[in-house]
Amino acid sequence: MVKDRMVELLQEHFELNLYEARAYVALVGFGVLTPAELASVSEVPAPRTYDVLRSLEKKGFAISQPGKVNKYRPVHPQNILEKFIEEWQERVAEELEAKKKAKEELLELMSPLIETEIPKYGVEKVWVVRGIRNATLKTKEMFEEVKEQILLADDGYIAINLEGDIIKAIDNGAKAKIIVTENVYHRLSASKILDYYKAGKLELKVIDKLELPMLICDDEVFFALEDMAARYFNYETQIWIKDFRVKALFEGKFNEYWEKAKKA
């Protein structure tokens with residue numbers, strides 16, 4: 001129903017609760033209402049109408065006319081919705097600036113911790129990373145820190161979604177060898193990765209199937225444990241390892257794929 005959609009939009013985007021949204025829609029429809037009338041023409045419970053109307057007035061969506069019984073009329077939707085958006089933009093800009101300042105202060109305060117000689121990941125050389133968001137952050141970090149070599153065997157996510165990070169790492173001096181499956185290769189048709197391959201700035205091959213997708217950046221290895229259900233729900237388990245011996249093992253597997261793969 002149209003009324004339900006109006007209520008839904010007011011709740012989702014204009015910070016009104018359910019009863020406030022219903023009351024405002026009723027006011028727009030009927031023009032002027034007392035609390036008792038509001039209860040009779042809307043789904044706002046009678047005991048709540050006074051509070052709801054006062055709240056709408058406080059938020060700028062309604063105006064009251066004092067009297068024996070207060071009457072309320074709506075502020076025109078064009079005016080209040082536009083005003084809300086303007087105020088929201090100002091608030092978001094202020095919050096964004098505050099977050100930027102907080103970030104700078106935190107980086108300054110944390111710099112002694114970041115620059116300490118204690119290894120960044122402590123004595124641990126193996127970490128478990130779960131969920132697509134955390135995996136993406138970890139992968140981005142690997143591309144930011146790589147100095148010499150990127151070896152990527154990818155069957156669906158990294159080359160497509162982190163193309164910019166790969167290109168930046170190459171521009172910063174890292175050499176890259178990338179193997180992708182056929183479906184990924186077709187999706188790279190208009191990408192910078194393909195442009196860089198044609199320009200000789202990276203090596204690229206295509207393979208039918210990858211049993212063990214992986215990312216190797218210098219001595220760091222990142223790969224996913226096989227779990228189709230977890231992958232479907234974007235919560236698959238990824239393993240990050242920093243160890244030159246493990247890196248050598250995975251590099252051996254990567255080279256096997258490289259020999260089987262065909263030129264792009």
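## A buried lysine, two nonpolar cores and selected salt bridges

Lys205 is buried but takes part in no salt bridge; Glu259, the nearest side chain of opposite charge, is 5.7 Å away. The model is predicted. Because a salt bridge requires a side-chain nitrogen of Lys or Arg within 4 Å of a carboxyl oxygen of Asp or Glu, the 5.7 Å to Glu259 does not qualify.

Lys205 sits in strand E6, which spans residues 203-207. A polar atom of the Lys205 side chain lies 3.1 Å from the backbone oxygen of Trp258. With residues up to four places away in sequence set aside, Lys205 touches Ile178, Ile179 and Val180, and also Trp258, Ala261, Lys262, Lys263 and Ala264.

### Nonpolar cores

Strand E6 is also one of the elements that each supply at least two residues to the largest nonpolar core. This core has 30 residues, and Ile150 and Leu215 have the most contacts inside it. Besides E6, the elements that each supply at least two residues are helices H6 (132-145), H7 (158-161), H8 (163-171) and H10 (192-198), together with strands E4 (149-154), E5 (175-181) and E7 (214-217). The largest share, four residues, comes from H8.

Ile150 is in contact with Leu215, and also with Ile216 and Cys217, when neighbours within four places in sequence are left aside. The other contacts of Ile150 counted in this way are Phe143, Ala169, Ala174, Lys175, Ala176 and Lys177. Another core, of 22 residues, lies apart from the largest one and includes Phe14, Leu16, Ala21 and Ala26.

Which residues of H8 are buried? They are Asp165, Ile166, Ile167, Ala169 and Ile170. Their cover includes helices H6, H7 and H10 and strands E4 and E5. Ala169 is thus named both among the buried residues of H8 and among the contacts of Ile150. Gly173 follows H8 and has a positive phi, near 115°.

### The annotated N-terminal region

An unreviewed UniProt entry carries the annotation "domain: Transcription regulator TrmB N-terminal" for residues 10-77. Over residues 10-77, the chain is 53% helix and 12% strand. The end C-alpha atoms of this stretch are 11 Å apart.

### Salt bridges

Side chains of opposite charge can pair when their charged atoms come close. The whole structure has 13 salt bridges. The table gives the N to O distances of some of them.

| Pair | N to O distance |
|---|---|
| Glu43 and Lys3 | 3.6 Å |
| Lys83 and Glu87 | 2.4 Å |
| Lys253 and Glu256 | 3.5 Å |

The pair of Glu43 and Lys3 links distant parts of the chain, 40 residues apart. Lys3 is in helix H1 (residues 2-13), whereas Glu43 is in the loop between helix H3 (35-41) and helix H4 (49-59). Glu43 counts as partly exposed because its relative accessibility is 45%. Lys3 is likewise partly exposed, at 37% relative accessibility.

Where in the chain do Lys83 and Glu87 lie? They are in helix H5 (residues 77-114), four residues apart, so about one helical turn separates them. Lys83 is partly exposed at 44% relative accessibility, and Glu87 is partly exposed with a relative accessible area of 37%.

Lys253 and Glu256 are in helix H12 (residues 244-260); they are three residues apart and therefore separated by about one helical turn. Lys253 has a relative accessible area of 27% and is partly exposed. Glu256 counts as partly exposed too, at 41% relative accessibility. An α-helix has 3.6 residues a turn, so residues three or four places apart point the same way.

### Positive phi outside glycine

Glu15 is not a glycine, yet its phi is positive, about 60°. Glu15 is placed in the loop between H1 and helix H2 (18-30), and it counts as partly exposed at 45% relative accessibility.

Asp218, also not a glycine, has a positive phi of about 55°. Its place is the loop between E7 and strand E8 (220-224). With a relative accessibility of 22%, Asp218 counts as partly exposed, since buried means under 20% relative accessible area.

Note on methods:
Residues numbered from 1 in each chain as written. Predicted model: local features only at pLDDT ≥ 70, side-chain atom pairs only at ≥ 80, totals over all residues. Heavy atoms only, no water. Buried < 20%, exposed > 50% of the residue type's maximum accessible area, 1.4 Å probe, protein only. Lys, Arg positive; Asp, Glu negative; His and termini not counted. Polar contact = N/O pair within 3.5 Å; in protein donor to acceptor, adjacent residues only side chain to side chain. Contact = heavy atoms within 4.5 Å. Core = buried A, V, L, I, M, F, W, Y, C linked by side-chain atoms within 4.5 Å. UniProt positions renumbered as here; feature names shortened; annotations may be inferred.
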